[in-house]
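Please work through the exercises below with the sequence and the model side by side. Each task is followed by a solution that goes step by step.

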Amino acid sequence: MKTPAKGWTGTRPAGTALIEVRDLEVRAGGRVISSVPELDLGPGECVAIVGESGSGKTTALMATMGLIEGADVSGKITVCGTDVLSASPRTLRAVRGARVALVMQSPQAALTPTMRLGTLMRRALARHGVKGAEAAERARDAVGAVLLGEEILRRYPHEVSGGQAQRFAIALAIALGAEAVVADEPTSALDVTVQAEVVAVLRRLRAEHGLAVLLVSHDLALVSRIADRVLVMREGRVVESGQARTVFAAPADPYTRELIAAVPELPGGAP
Ligand SMILES: Nc1ncnc2c1ncn2[C@@H]1O[C@H](COP(=O)(O)OP(=O)(O)OP(=O)(O)O)[C@@H](O)[C@H]1O
């Protein structure tokens, strides 16, 4: 029998997480800009990293995906069984391309402006060996899964809204068979109603497709609606981590209390 994972990460057997981070440290300019002692993301789970601007959230996420440049990264990072710090760029690209998808703040900027979304999806699928009728079916299913109509596939990036572009980016991940989405502030460029749509889509995909989500956000209200577990970062360190419900109901660290107090929608937040 496998040994259960330690601490707040729960009772999942060791080695079954999609993403496992231990003793991560990112150093730049002679200081530690981000350190995460322990982070596990299992199938269908949502883990959120929260904290003020500059606290090291994005750096932790980028290091996990093997995307840090100009800084030293140490520790142990495993994504879908791949040791990120020793893997070749090619292996890392394969993991990021298909099994774990990155969703950034402004997906529109990442879409080729002269290419219809359907063409873009077909090409991405073709790169992974999926063509013809199967590609068409996957594309239709994936846009349906993020609650977009099929006509989105005939549009160009400038013809869709920010929320639709964000959902399309998630659909692309689903079509490629991603098991996890790693999202950096996926809703911060969107207005409140559209943010709610993106959150609803992520929740649905977790429930129906078992999609795991690793989320960076400074939006605690959003995190409280979607995350199972949360890490609170300040000045490059994790000051508190645990089950989201527990952290939001009874924050142990004064900084977490401060963050929560600033959000009126949260219990414990200012009226
Ligand atoms: N390559 C680098 N070299 C030096 N400093 C860096 C580097 N990358 C990030 N930093 C610094 O590390 C700190 C953490 O940055 P990071 O972007 O991870 O914070 P964040 O919590 O995601 O903030 P935000 O919410 O504003 O994106 C910042 O002070 C940033 O300026």
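The exercises that follow treat confidence, the two sheets, the ligand shell and one histidine.

This is a predicted model, in which local features need pLDDT of at least 70 and side-chain atom pairs count only at pLDDT 80 or more, while totals for chains, interfaces and linings use all residues. Residues are numbered from 1 along each chain as its sequence is written.

**Exercise 1. Confidence**

Task: Establish which element has the lowest mean pLDDT and which has the highest.

Solution: Begin with the scale, since pLDDT is the predictor's confidence in each residue, from 0 to 100. The chain averages 87, and 92% of the residues score at least 70. Then go through the elements, where helices (H or I, at least four residues) and strands (E, at least two) are DSSP runs, numbered from the N terminus. Helix H3 (residues 107–110) has the lowest mean, 72, whereas strand S1 (residues 19–28) has the highest, 97. Finally, consider residues 1–11, over which pLDDT stays under 50 and for which the model has 17 contacts beyond four places in sequence; two residues are in contact if their C-beta atoms, placed from the backbone, lie within 7 Å. For the model as a whole, the scores are ipTM 0.93 and pTM 0.87.

**Exercise 2. The sheet of four strands**

Task: Work out the strand order of the open sheet that four strands form.

Solution: Apply the pairing rule, by which two strands pair if DSSP finds at least two bridges between them. S1 and S2 are joined in the antiparallel sense by nine bridges, with arginine 22 opposite glutamate 38 in S2. On pairing with strand S4 (residues 72–79), S1 is again antiparallel, over seven bridges, and here isoleucine 19 faces valine 79. The order is therefore S2-S1-S4-S5, with antiparallel pairing. S2 and strand S5 (82–83) are the edge strands, each pairing on one side only. The hairpin of S1 and S2 has two residues between the strands, and glycine 29 there takes a positive phi near 55°.

**Exercise 3. The sheet of six strands**

Task: Explain why one side of S6 and one side of S10 are left without a neighbour in the sheet.

Solution: Write out the order first: this open sheet runs S6-S7-S8-S3-S9-S10, with mixed pairing. Strand S6 (100–103) and strand S10 (237–243) stand at the edges and each has a single partner strand, so one side of each has no neighbour in the sheet. Within this sheet, strand S3 (residues 46–51) and strand S9 (residues 229–234) run parallel and are joined by five bridges, one of which pairs alanine 48 with valine 230.

**Exercise 4. The ligand shell and histidine 218**

Task: Determine which residues come nearest to the ligand, and whether histidine 218 counts as buried, exposed or partly exposed.

Solution: Take the shell first, where a residue is near a molecule if its C-beta atom, placed from the backbone, lies within 6 Å of it. Of the 15 residues around the ligand, Ala28, Ile33, Ser53, Thr58 and Thr59 come nearest. Helix H1 (57–64) and strand S2 (31–41) each supply at least two shell residues, and the largest share, three residues, comes from H1.

Turn then to histidine 218, which sits in the loop between strand S8 (212–216) and helix H8 (220–226). Beyond its neighbours within four places in sequence, histidine 218 is in contact with Val50, Glu52 and Ser53. Histidine 218 counts as partly exposed because it has 16 C-beta neighbours inside 10 Å, given that 20 or more would make a residue buried and 12 or fewer exposed, with C-beta atoms placed from the backbone.
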